[in-house]
Amino acid sequence: MKHTWFIIYGIMCCLFQSYNSSLAVSLTKKTQVFAYVEQMPSFPGGETALMKYIAENLRYPSVSQDQGIQGLVIIKFVVTDTGNVGEIQIVKSLDPNCDREALRLVKTLPKFHPGRHQGKPVNVWYQIPIRFMIK
């Protein structure tokens, strides 16, 4: 009798482990973020329109401007399979005030055309430089 329960317990553990593995795989596939795909995400109007949007909507922090701080903040974010911007990260920092402004600006970006892999929209990492220059 003990031997039978041991076998049933072993089978149940194998089934449960198999179920957990398939669940993890399906969740990973759904939330996978690609670095490069066949068709990369694009901003409506292209790169030129993206740079124009940044130039028109960037608010140079006066504190940073007064201190003569200039340079680049590089931002990395995910363009989701629906075209939304998410998971925003600073790759290269300049100054806390400029960093905050760069994050604020990226959060205001309109929807992108999502990247595609094997014909399907997918999540893709996207990186942009935001330049702070005193004129």
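## A tour of two salt bridges and a core

Start in helix 4 (residues 96–107) and select Arg104 and Glu101: they sit 3 residues apart in this helix, so about one helical turn separates them. Keep in mind as you click around that this is a predicted model.

Now show the side chains of that pair. Arg104 and Glu101 meet in a salt bridge, with 2.6 Å from N to O. Why might two side chains pair up like this? Side chains of opposite charge can do so when their charged atoms come close.

Next, turn on the surface. Is Glu101 buried or exposed? Glu101 has a relative accessible area of 8%, so it counts as buried. Its partner Arg104 is at 24% relative accessibility, which means it counts as partly exposed.

The count comes to 2 salt bridges, so hop over to helix 2 (residues 46–57) for Lys52 and Glu56, which are 4 residues apart there and separated by about one helical turn. Here the closest N and O atoms of the salt bridge are 3.9 Å apart. Lys52 and Glu56 are both exposed.

Time to head for the largest nonpolar core, which has 20 residues. Select Ile75, Phe77, Leu109, Ile128 and Ile130, the members that touch the most other members. Then colour helix 2, strand 2 (71–79), helix 4 and strand 5 (120–132): each of them supplies at least two residues of this core.

Last stop: zoom in on Ile75. What is Ile75 in contact with, leaving aside its neighbours within four places in sequence? Among them are Ile88, Ile90, Val91, Ala102, Leu103, Val106, Tyr126, Ile128 and Ile130. Add Gln89 and Gln127 to your selection too, as Ile75 is also in contact with these.

Note on methods:
Residues numbered from 1 in each chain as written. Predicted model: local features only at pLDDT ≥ 70, side-chain atom pairs only at ≥ 80, totals over all residues. Heavy atoms only, no water. Salt bridge = Lys/Arg side-chain N within 4 Å of Asp/Glu carboxyl O. Buried < 20%, exposed > 50% of the residue type's maximum accessible area, 1.4 Å probe, protein only. Core = buried A, V, L, I, M, F, W, Y, C linked by side-chain atoms within 4.5 Å. Contact = heavy atoms within 4.5 Å.
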